[in-house]
Amino acid sequence: MYEFEEKLYDEHIELVCGVDEVGRGPLAGPLVVAACIMPPLLRIKGINDSKKLSAKKREELYKIIIKEAIDYNIVFISEEEIDNLNIYQATKKGMLEAIEGLKTTPEHVLIDAMPLGELKIPHTSIIHGDALSASIAAASILAKVTRDRYMEKMDVKYPNYGFKRHKGYCTKAHIEALEKYGPCKIHRKTYSPVSKFYSKQMSLDLFKDENE
């Protein structure tokens, strides 16, 4: 997990920033992006891609990361921005904002998969980086825990959809809730199958207007 970092440390590059996102696939809720600079000599036991960790382990590691990090920044990209930009551009926007919002300027950035040609800081995009780089994994954990906590709050606000259980992802229960209640304010309008409910509603509104 420290191979990429070790190569940079050997070149006397110590401020290495990992960047990752959580929430590209869900039908509801924001995209959350984190950037994180960890101390060069720190080795965190058990750190890994957030998707491979239990919720309990993620919470444990989250506490260690925010305590030990040289700097970190977490950015939310709203459902509206995702619909307006598309998820690829929204992810790019979030990653750039997360890096630019750091108080400490990194010397090198390790990014999970996404090419960031606009970034002026030296950087490396790594496919499956959250499972190969501790810095990216740390960012992944920060983003995942933050987003999960947010969706649990949305479960209280919109109790019909089961957000606490599935965090907005496309599950059978989520689809059944959409069928029964229609989409709520945090659903992504451009995502299928959510989009069909908006199309249906627009058709009903048009029919209503024509017959009034």
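**Pockets and cavities in a predicted model**

Me: Which element gives the most to the lining of the largest pocket?
Reply: Keep in mind that this is a predicted model. Three elements each supply at least two residues of that lining: β1 (16-22), α4 (87-100) and α5 (134-157). With 3 residues, the one that gives the most is β1.

Me: OK, and how much space lies in the largest pocket?
Reply: Rolling a probe the size of a water molecule over the atoms shows where empty space is left. For the largest pocket, that space comes to about 310 Å³.

Me: Which residues that line the largest pocket are the closest to its centre?
Reply: The lining of the largest pocket has 20 residues. Of those, the closest to the centre are Asp20, Glu21, Lys51, Asp112 and Asp130.

Me: How many residues of the largest pocket's lining are charged?
Reply: Asp, Glu, Lys and Arg count as charged here. The lining of the largest pocket also holds 6 nonpolar and 6 polar residues. The charged ones number 8.

Me: Now for closed spaces: what volume does the largest cavity have?
Reply: A cavity is a spot where a 1.4 Å probe fits but cannot get out. Searching the whole structure for cavities of 30 Å³ or more turns up 1. The volume of the largest cavity is about 70 Å³.

Me: Which element supplies the largest share of the lining of the largest cavity?
Reply: Residues lining the largest cavity include Tyr2, Met38, Leu42 and Ala138. Two elements, α1 (3-10) and α5, give two or more residues to this lining. The largest share is 3 residues, and it comes from α5.

Me: How many residues of the largest cavity's lining are nonpolar?
Reply: Ala, Leu, Ile, Met, Tyr and Pro are among the residue types that count as nonpolar. Just 1 polar and 1 charged residue belong to the lining of the largest cavity. The nonpolar count is 9.

Me: Zooming out, in what order do the elements of the protein run?
Reply: The secondary structure comes to 8 helices and 5 strands. Read from the N terminus on, the order is α-β-β-α-β-α-α-β-β-α-α-α-α.

Me: What percentage of the residues in the protein is buried?
Reply: Buried means under 20% relative accessible area. The protein has 212 residues, and the buried part of them is 49%.

Me: And what share of the exposed area do carbon and sulfur atoms supply?
Reply: The C-alpha trace spans about 75 × 35 × 25 Å along its principal axes. The protein exposes about 11100 Å². Carbon and sulfur atoms supply 54%.

Note on methods: Residues are numbered from 1 along each chain as its sequence is written. This is a predicted model: local features need pLDDT of at least 70, side-chain atom pairs count only at pLDDT 80 or more; totals for chains, interfaces and linings use all residues. Side-chain values use heavy atoms; hydrogens and water are left out. On a 1 Å grid over the protein atoms alone, a cavity is a set of points where a 1.4 Å probe fits but cannot get out, and a pocket is an open set with protein on both sides within 12 Å along at least five of seven lines; lining residues have an atom within 4 Å of a point. Grid points are joined across faces, edges and corners, and a volume is the space filled by probe spheres set on the points. Helices (H or I, at least four residues) and strands (E, at least two) are DSSP runs, numbered from the N terminus. Buried means under 20% relative accessible area, exposed over 50%, partly exposed in between (1.4 Å probe, protein chains only). Accessible areas come from the Shrake-Rupley method with a 1.4 Å probe; for residues, only the protein chains shown count as cover.
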